[in-house]
Amino acid sequence: FRKSETWISLDPGGGWIERKGLTFKVASTDLEKRPYLVFDGNATYKELGGEPKPYAVLTTTDGAEHELPARLVAKGQKYEVVLDTKAVPKQTGQQYSVHITFDRYFVPKALGINDDTRQLVIMMPAEIKLQRTAPVD
């Protein structure tokens, strides 16, 4: 029996993904077997003025950048983001960097919510799953 998922652990402190985005590392050997990176969490679409569109770039060890197909699926007050790395040439034994940003954000202070001046997008996921197949919406 083999696991169908692999996890990338993130800082468990909770918090938000900010306008500057989220960067994490992933091994090329993991992506060869499980090319879909999937993460989910909580979101407040009202403050954002709609659903944010993700933009993701994978950078290889030699500095080559590959834009990844990315989508966000809103599920009530939750989200699921799916990144597809199938088209990226895999180099055995390499560690890749993935950076994801979004097209919208909000500033709580500007909306009169509280005194927080950060540019917030969605809540930070607890983990990123690597899957063999894309999730079904």
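Is Lys-75 buried, partly exposed or exposed? Lys-75 is partly exposed, because its relative accessible area is 41%. Keep that residue in mind. We will come back to its partner.

A word before we go on. This is a predicted model. Everything I say is computed from that model.

Let me start with the sheet. Four strands make an open sheet, in the order S3-S9-S5-S6. The pairing is antiparallel. Which strands stand at the edges? They are S3, residues 22-27, and S6, residues 65-68. Each has a single partner strand, so one side of each has no neighbour in the sheet. On average, neighbouring strands here are turned by 25° against each other, ignoring direction.

Now look at one end of that order. Strand S5 covers residues 54-59, and 4 bridges join S5 to S6. The two run antiparallel. Take Thr-59: its bridge partner in S6 is Glu-65. Take Ala-56: its bridge partner in S6 is Leu-68. S5 and S6 form a hairpin, with 5 residues between them. Find Gly-63 in the turn. Gly-63 has a positive phi of about 95°.

Next, strand S9. It spans residues 95-102, and Thr-101 is in it. Is Thr-101 buried or exposed? Thr-101 counts as buried, because its relative accessibility is 19% and the cut-off for buried is under 20%. Which residues does Thr-101 touch, once those up to four places away in sequence are set aside? There are two stretches to look at. One is Arg-19, Lys-20 and Gly-21. The other is Lys-53, Pro-54 and Tyr-55.

On to the aromatics. How many aromatic pairs does a search of the whole structure find? It finds 2. One is Trp-16 with Phe-106. Their ring centres are 5.7 Å apart and their planes are at 80°, so this pair is edge-to-face. Trp-16 sits in strand S2, residues 16-18. Phe-106 sits in the loop between S9 and strand S10. The pair therefore ties together parts that are 90 residues apart in sequence. Trp-16 is partly exposed, at 21% relative accessibility. Phe-106 is buried, at 6%.

The other pair is Phe-39 with Tyr-79, also edge-to-face. Centre to centre, that is 6.2 Å, with 80° between the planes. Phe-39 lies in strand S4, residues 36-42, and Tyr-79 in strand S8, residues 78-84. They are 40 residues apart, so this pair links distant parts of the chain. Both rings belong to buried residues: Phe-39 is at 0% relative accessibility, and Tyr-79 is at 1%.

Now charges. The structure holds 5 salt bridges. I will show some of them.

Arg-118 pairs with Glu-18, and the closest N and O atoms are 3.8 Å apart. Arg-118 is in the loop between S9 and S10, while Glu-18 is in strand S2. That is why this pair ties together parts 100 residues apart in sequence. Arg-118 is partly exposed, at 33% relative accessibility. Glu-18 is partly exposed too, with a relative accessible area of 21%. Add Asp-116, and you have a network of salt bridges linking Glu-18, Asp-116 and Arg-118.

Back to Lys-75, as promised. Its side chain meets that of Glu-80 in a salt bridge, at 3.6 Å from N to O. Lys-75 is partly exposed, but Glu-80 is buried, with a relative accessible area of 9%.

One further salt bridge joins Asp-84 and Lys-86, at 3.8 Å from N to O. Asp-84 is buried, with a relative accessible area of 18%.

Last stop: Val-121. Where is it placed? Val-121 is in strand S10. It is buried, at 1% relative accessibility. The C-alpha atoms of Val-121 and Arg-19 are separated by 6.3 Å, though the two residues are 102 apart along the chain. Neighbours within four places aside, the contacts of Val-121 include Trp-16, Ile-17, Glu-18 and Arg-19. Leu-48 and Pro-52 are also among them. So are Phe-102, Arg-104, Tyr-105 and Phe-106.

Notice two names on that list. Trp-16 and Phe-106 touch Val-121, and they are the edge-to-face pair with centres 5.7 Å apart. Glu-18 touches Val-121 as well, and Glu-18 is in the salt-bridge network with Asp-116 and Arg-118.

That is the tour. Questions, please.

Note on methods
Residues numbered from 1 in each chain as written. Predicted model: local features only at pLDDT ≥ 70, side-chain atom pairs only at ≥ 80, totals over all residues. Heavy atoms only, no water. Buried < 20%, exposed > 50% of the residue type's maximum accessible area, 1.4 Å probe, protein only. Contact = heavy atoms within 4.5 Å. Phe/Tyr/Trp six-rings, centres within 6.5 Å; stacked < 30°, edge-to-face > 60°. Pairing = 2+ DSSP bridges. Axes fitted to C-alpha atoms, helices over the stretch in contact; angles between N-to-C directions. Salt bridge = Lys/Arg side-chain N within 4 Å of Asp/Glu carboxyl O.
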